[in-house]
Amino acid sequence: MRFLAPILLAPLLLAAPPVRLDGTVFRVSGGGARCEELVISVDAPGDIPALSGSCTVEADGLAFRPKYALQPGLRYRAVYSGAVSMFEIPKRVVTPSAAVVQVFPSSAVIPENILKFYLHFSAPMSRGEAYQHLRLLDAKGAPVALPFLEIDQELWDREGRRLTVLFDPGRIKRGLAPNEEVGLPVTAGGRYTLVIDAGWQDAAGQPLKSEFRKEFLAAEADRTPPDPKTWKITAPTAGKSHPVSLEFPEPMDHALLRSLIEVTTPAGRSIAGSMDVDHEEMRWQFTPADPWKPGEYVVQVARTLEDRAGNTLGRPFDVDVFERVEARILKETVPVYFTVR
Amino acid sequence: MRLVTTFTLFASLTVAAVDYSSSLTSGKADMKSAGSLAFGPDGILFVGDSIGAAIFAIDTRDRKSAASSGSVEIAGINEKIAAMLGTAPDQILINDMAVNPLSKNAYLSVSRGKGPDAIPVIVRVSRAGKLEEIPLDKVKHSRADLPNPVEAKKDARGNNLRLDAITDLAFVDGKVFVAGLSNEEFSSNLRSIPFPFKAVEKGASVEIYHGQHGRFETNSPVRTFVPYEIKSEAYLLAAYTCTPLVKFPVSSLKPGTKVMGTTIAELGNRNRPLDMIIYQKGGHDLILMNNSSRGVMKMSAENLDKFEPIKSQVERQGVQYETLAGWKGVEQLDKFDKDNAMMLVRNDGGSLDLKTVALP
């Protein structure tokens, strides 16, 4: 972390040697200086504890090294033997640069029992404020009350660039009190706008460059599990590095398309390559690292792959156990075979 | 949170001849984040690290029983912690709170910073209000890595975006129970990890279903839970992500099995439990829970063995609960002693107060 030169604001008593800030180390010059006489703290009102750090006696006096980096924009107070010095760490002037780059599902028509949104940002974001900056508006521009599952543990990826926003499953799942009392957050036929306001701070404390809006039309609920028999596979040609593609009749969960599908040999050996998802999450493509060799291959799709409403392969999001819709799940993956010629 | 309950109810089970401390080694606890907390035996604090996908056992060396509990009231605890860490109150997050059942000192898991590179900190708050950091760079500890349930692919930047948020922890009968919520698939992910830690089996998670009114069921994640003994059998009372409060016997939680929780209460909209404690008052067992609208609810924990599960939509009632009108802004809740709860409360000015309150 780099700092601009600190400002020595007010050495009030000149009798005692003043504290100076040397880079990130608070120092008191002179032999005989004692750590017990030195107290460094954030300049804040009330009874606050001293700054975490360690004081050592060195050849030319005392050195206090804060345990954590000094915070730009904050003022620190150093008291040595009754003399008070203030140090202000200049604010960093940074222009907002982070933006929402994509929201999935990307389609403009979404089933009313949609389970989640994925918000992708161009830069790491701050935690702890997601639900203050997310609104779902109805066609009249009025906010929908509590559409999302607001949890303290916000569902970010490690880098803080993707947030998973779950719709409140208690309102989606049929038969539960919230579902029956207040119903689905969005209903078929309605037009909605997801608004991500610009006040959301990135990890550097800067707001977003601009507000982001995603408009969509809610369609009838989707309670049909994805059926691999309806998928279309297009095999590539031997000797080329063209992708193999798998097309779905409905959009699938964007993240899970990337996490839960792989290409192997019939013996199960993984093929190296990269994948892409496009056509509003209705097409998955895999481009091999090396040109295809002729032979049989398998696209292995995990049974836990979800569509936009949380239906997995062979199992709807909420199963009616009286009707026994659930298929017997014997294997963890569904194989989709293709031949390269 | 949840430690006293574990201790009082499972004391006979946990006081086995195990030298827990000897399973820990000194050095840096390489935590990437500090989230859910739960106390185990002998002042050992379990810390959920969602970003590092691990559970840490930390020896707090805080084993001295408090002679008397007294009361605690520390206004603006978030401001004090921020000052100690050399930053502003809006630059820290307090993620969880647990009270050491022996010393009654409170432990808070804190993020210094709010971005992905925030520094994890564990702060001990003595009953006298003294704040102290647990030195994570030199502490006796051990860790259990949580296996990734799917062999997630890396994106174009070489990152694996999939992560389980650890939403709750509890130590029961020699095991740490861990509830996780994935940022990708919607499925149950409750694990039990024997302590002292060994390698966690990849298939160790239990598939827990939520059957509602005998009709619809989902493979629903458990969000928060508390151990409780019913007729000498260890149970978990758990709140699903999709709201209902259920019970299931700990003995049923075997890896690879399908477990169906029994719904004991439907808490209605806006009442998602965040923390739960169980206590005795006037000869009765009671459950206290703070919820997503920052209020507090109380319900009876008695006769749950005789309780008729909710089976049809006409029988909506379940166990009755009462919303405590005067308790507002409660963000964290744990048991302090037999008569008092400890709470982290958001006050009208927006800062957080740590205080003990008599159990209702």
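**Exercise 1.** In which loop of chain B is Pro196(B) found? Look at the peptide bond before it as well.

*Solution.* This is a predicted model, so keep that in mind throughout. Start with the strands: Pro196(B) is in the loop between strand E13 (190-194) and strand E14 (205-212) of chain B. Next, check omega: the bond joining Phe195(B) and Pro196(B) has a value of about 0 degrees, so it is cis. Now go over to chain A, where Phe104(A) and Pro105(A) are also joined by a cis peptide bond, with omega about 0 degrees. Pro105(A) sits in the loop between strand E9 (100-104) and strand E10 (109-111) of chain A. Worth a second look, since most peptide bonds are trans.

**Exercise 2.** Find where Ser81(A) and Glu280(A) lie, and decide whether each is buried, partly exposed or exposed.

*Solution.* Take Ser81(A) to begin with: its phi is positive, about 50 degrees, though it is no glycine. Its loop runs between strand E7 (75-80) and strand E8 (83-88) of chain A. Now count: Ser81(A) has 15 C-beta neighbours inside 10 Å, so it is partly exposed. Then Glu280(A): here too phi is positive at about 50 degrees in a residue that is not a glycine. Glu280(A) belongs to the loop between E20 and strand E21 (283-288) of chain A. With 16 C-beta neighbours inside 10 Å, Glu280(A) is partly exposed.

**Exercise 3.** Work out the strand order of the open four-stranded sheet in chain B, then its edges.

*Solution.* Follow the pairing across: the order is E5-E27-E26-E25, and the pairing is antiparallel. The strands that pair on one side only are E5 (73-74) and E25 (330-335) of chain B, which makes them the edges. Zoom in on E5(B): two bridges join it to strand E27 (residues 352-358) of chain B. In one of the pairs, Glu73(B) has Lys355(B) as its bridge partner in E27(B).

**Exercise 4.** How many residues of chain A are in contact with chain B, and which element gives the largest share?

*Solution.* Count the contacts: 58 residues of chain A meet 57 residues of chain B. On the chain A side, elements giving two or more residues include strand E4 (38-42), helix H2 (177-181) and strand E20 (273-278). H3(A) gives the largest share, four residues. Finally, sort that side by type: 30 nonpolar, 15 polar and 13 charged.

Definitions and conventions. Residues are numbered from 1 along each chain as its sequence is written. Chains are lettered from A and ligands numbered from 1 in the order in which they are written. This is a predicted model: local features need pLDDT of at least 70, side-chain atom pairs count only at pLDDT 80 or more; totals for chains, interfaces and linings use all residues. Two residues are in contact if their C-beta atoms, placed from the backbone, lie within 7 Å. Ala, Val, Leu, Ile, Met, Phe, Trp, Tyr, Cys and Pro count as nonpolar, Asp, Glu, Lys and Arg as charged, and the others, Gly among them, as polar. Two strands pair if DSSP finds at least two bridges between them. A residue is buried if 20 or more other C-beta atoms lie within 10 Å of its own, exposed if 12 or fewer, and partly exposed in between; C-beta atoms are placed from the backbone.
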